[in-house]
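Reader: Hey, can we go through this structure together? I'd like to ask things as they come up.

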Amino acid sequence: MEPLSFQEYICSLNPAVLPRILRICSGVYFQGSVYEISGSECCLSTGDFLKIIAIKLQNVICKDVERGETTELPLTFRGEWGCPGTARCCRDPGPVGTHLPLSLRGRFFECGRQRDLTLQEVLGLQGGWPQRLLCPALGSCPVLLSPAYEVQAIMHLRKDVVKIPSTLEVDVEDVTEEMQHIHFIKPLMLSEVLQMEEALPVRAEILEGPSSVAIFKNDWIPRLQKGQRIQIHGKGCAWKILASARKGTRHFLLSSTYQGRFRRRPREFTTVYELAASLQAGQRLRVVVTQDCEGREEDVPSLSVGDRLEVRCLLQAGTSTTVLLCNRSSSEEEEDQETEELMLPLDLGGSFVEETCDSKKYSLAEILQQLPLPCDVKVVAKDPSLARDILSSFSVLRLEACVTEPFLVSSFCEEPDESFEIPPRWLDMSLFFMEEPVHPQAPSTDWSRVEELKEPFYYHLLKQLPGSSAPPPPRPPKRKGAGGKAAVRTAKGTGPEKSKVWHDPAQGEGGRDDAPVGRCPQTPDPPPQPLPSSCIHNQKPISFLCSHLPWPCPSLPCPRKREAPSLSGAPRTSVEKSDSDHDYETVDEDLQKTIRKMQTVFPF
């Protein structure tokens with residue numbers, strides 16, 4: 001057909017023949033433009049295709065022929081000031097369009113004929129538009145009436161149905177017969193596909209890759225770019241386990257399909273504060289002292305290597321002090337061995353190892369069923385389906401929490417046998433479904449059994465876990481002269497060849513100063529908030545909700561700063577304040593000279 005104006009085409013369109021496919025030919029929008037009318041935005045360019053699926057009458061445009069004024073007649077028009085508004089026409093009316101349900105009683109007529117017409121009958125007249133009529137209610141001058149429609153259409157790469165006014169000044173051509181094969185692309189977000197399980201499996205093409213790829217360290221995420229075709233097999237049903245290397249900054253998500261075997265490892269603790277943070281309801285905690293610890297005051301007991309402690313509960317000692325109640329027994333195993341009650345301050349340093357005798361090999365599912373999280377394990381049998389099981393290279397892994405985030409099992413179309421699991425809420429992107437047959441067989445290889453996390457996302461994930469109040473990531477080391485001294489307190493022991501490092505308990509494991517000389521210690525995190533008084537009872541155990549955090553429980557009280565011996569062996573009498581969040585002891589002149597010499601060799 002020849003090109004027509006959009007208004008002319010829509011006015012002559014019979015709704016019974018919908019849908020129809022149009023091609024934009026020319027007009028004021030022929031080079032492409034973005035318009036917004038009544039809140040509907042759309043972009044039309046020469047060569048674009050529209051699939052008209054519905055039209056809806058909005059109003060009638062009335063133009064005064066002599067004065068050139070244009071007004072809109074609402075669908076409820078019945079004439080002005082109560083005028084009956086009859087119309088007279090010089091020719092017989094055509095069939096009334098049944099798709100225009102109007103109840104208008106305005107009267108119009110054509111010059112020379114005195115046939116009354118309602119507005120509904122006027123709209124049903126056959127012939128071209130606009131119609132030249134007279135209406136006494138609108139004045140004595142002839143008017144041109146033209147219906148205005150709202151056109152609902154589908155376009156390429158438009159997510160929703162677009163609504164276009166029929167008065168848009170563009171020319172169109174009906175190409176329905178020759179374009180039956182055309183496929184209108186509807187973009188979808190990957191997060192929306194989660195709710196479309198009935199459409200899976202399906203092949204899709206990526207329109208725009210994920211905005212952020214700082215999630216996993218792997219080879220398949222960088223390939224999720226525009227134009228890449230993937231097959232989505234279905235929604236994953238595997239749960240995940242969040243795990244971290246005990247000493248280091250590497251973190252992983254382990255799929256429930258991981259086939260490696262684990263052996264439980266005893267947990268290590270460096271302060272009494274960490275012991276208190278590890279208490280869990282209904283669980284017994286027994287530890288062995290692995291380093292002598294001298295009491296610093298008369299009321300603080302000393303601990304010796306080999307002492308066995310049964311950690312019981314937290315107690316309120318005084319108005320502002322919280323202690324950990326433990327039972328101590330000697331390292332010698334006797335049948336009628338007496339125990340001694342100890343009240344250990346939370347800021348007391350030391351070294352402890354959990355007392356366990358478990359040599360069983362566990363699968364991930366068995367660990368969730370039989371062991372509380374977090375727990376320390378060692379991979380003793382690799383996953384045979386993995387070419388390289390990186391987990392076996394770590395001496396200790398801490399399993400922290402179970403993650404139930406939904407995943408979509410996918411594969412690249414060129415590699416249908418190797419699958420990976422995309423988390424849409426973490427890694428969203430836009431794509432569209434393709435009308436192509438899917439690969440019939442399920443993938444045989446799973447790339448996502450072990451996913452290494454990037455460190456920023458690891459801390460983000462901790463915050464998303466239920467009941468988590470995870471602290472921010474560790475701050476970078478302080479630079480020289482940035483304010484404050486190193487967050488380490490050192491003191492000589494009372495015995496020969498004894499030296500100890502007093503740690504800030506609020507730092508947990510990550511705050512230990514076991515780095516070689518010349519490396520700046522990391523600035524400790526802010527101490528946790530005090531435990532509510534209602535949670536501390538006399539001689540009663542306390543339940544903690546710290547099932548997945550790798551650091552001390554945030555609900556524990558801040559350890560009380562205690563007086564430590566100075567470098568010379570005399571009691572410390574002053575604490576030097578700094579710009580940091582913590583108090584640090586002064587360092588004597590000899591040690592300062594040694595530090596300055598080391599700085600010339602190892603600048604930091």
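Reader: Which residue stands opposite Phe 432 in β31?
Author: Glu 205 stands opposite Phe 432. Before we go on, this is a predicted model, where local features need pLDDT of at least 70 and side-chain atom pairs count only at pLDDT 80 or more, while totals for chains, interfaces and linings use all residues. Residues are numbered from 1 along each chain as its sequence is written, and side-chain values use heavy atoms, with hydrogens and water left out.

Reader: OK, and what's a strand here, by the way?
Author: Strands are DSSP runs of E with at least two residues, and helices are runs of H or I with at least four, numbered from the N terminus. Two strands pair if DSSP finds at least two bridges between them.

Reader: So how many bridges join β15 to β31?
Author: Five bridges join β15 to β31 (residues 430-434), and the two run antiparallel. β15 is also joined to β16 (residues 229-235), by four bridges and again antiparallel. In β16, Glu 205 has Arg 229 as its bridge partner.

Reader: Why is β15 called largely enclosed?
Author: Because five of the seven residues of β15 (residues 202-208) are buried, the rest of the structure largely encloses this strand. Buried means under 20% relative accessible area, exposed means over 50%, and partly exposed is in between (1.4 Å probe, protein chains only).

Reader: What comes before β15, in the loop after α3?
Author: Pro 201 sits in that loop, between α3 (190-193) and β15. The peptide bond from Leu 200 to Pro 201 is cis, with omega near 5°. Most peptide bonds are trans. Another cis bond runs from Leu 18 to Pro 19, also with omega near 5°, and Pro 19 is in the loop between α1 (6-11) and β2 (20-27).

Reader: Switching topic: what's the strand order in the open sheet of six strands?
Author: The order is β20-β25-β21-β22-β23-β24, with antiparallel pairing. β20 (268-271) and β24 (340-345) are the edge strands, each pairing on one side only.

Reader: And how many bridges are there between β22 and β23?
Author: Nine bridges, with β22 (residues 308-317) and β23 (residues 321-329) pairing in the antiparallel sense. For example, Val 311 has Cys 326 in β23 as its bridge partner. Arg 312 is in β22 too, and its C-alpha atom is separated by 7.5 Å from that of Leu 324, twelve residues apart along the chain.

Reader: Is Arg 312 buried or partly exposed?
Author: Arg 312 counts as partly exposed because its relative accessibility is 30%.

Reader: What about helix α6, which residues are buried there?
Author: In α6 (residues 455-464), the buried ones are Phe 457, Tyr 458, Tyr 459, Leu 461 and Leu 462. They pack against β17 (240-245), β18 (251-255), β28 (397-403) and β33 (450-453). Contact means heavy atoms within 4.5 Å.

Reader: Last one: what's odd about the phi of Leu 157?
Author: Phi of Leu 157 is near 60°, which is positive in a residue other than glycine. Most residues other than glycine have a negative phi. Leu 157 is in the loop between β11 and β12 (162-165), and with a relative accessible area of 49% Leu 157 is partly exposed.

Reader: And where is Ile 154?
Author: Ile 154 lies in β11 (residues 143-154). At 30% relative accessibility, Ile 154 counts as partly exposed.
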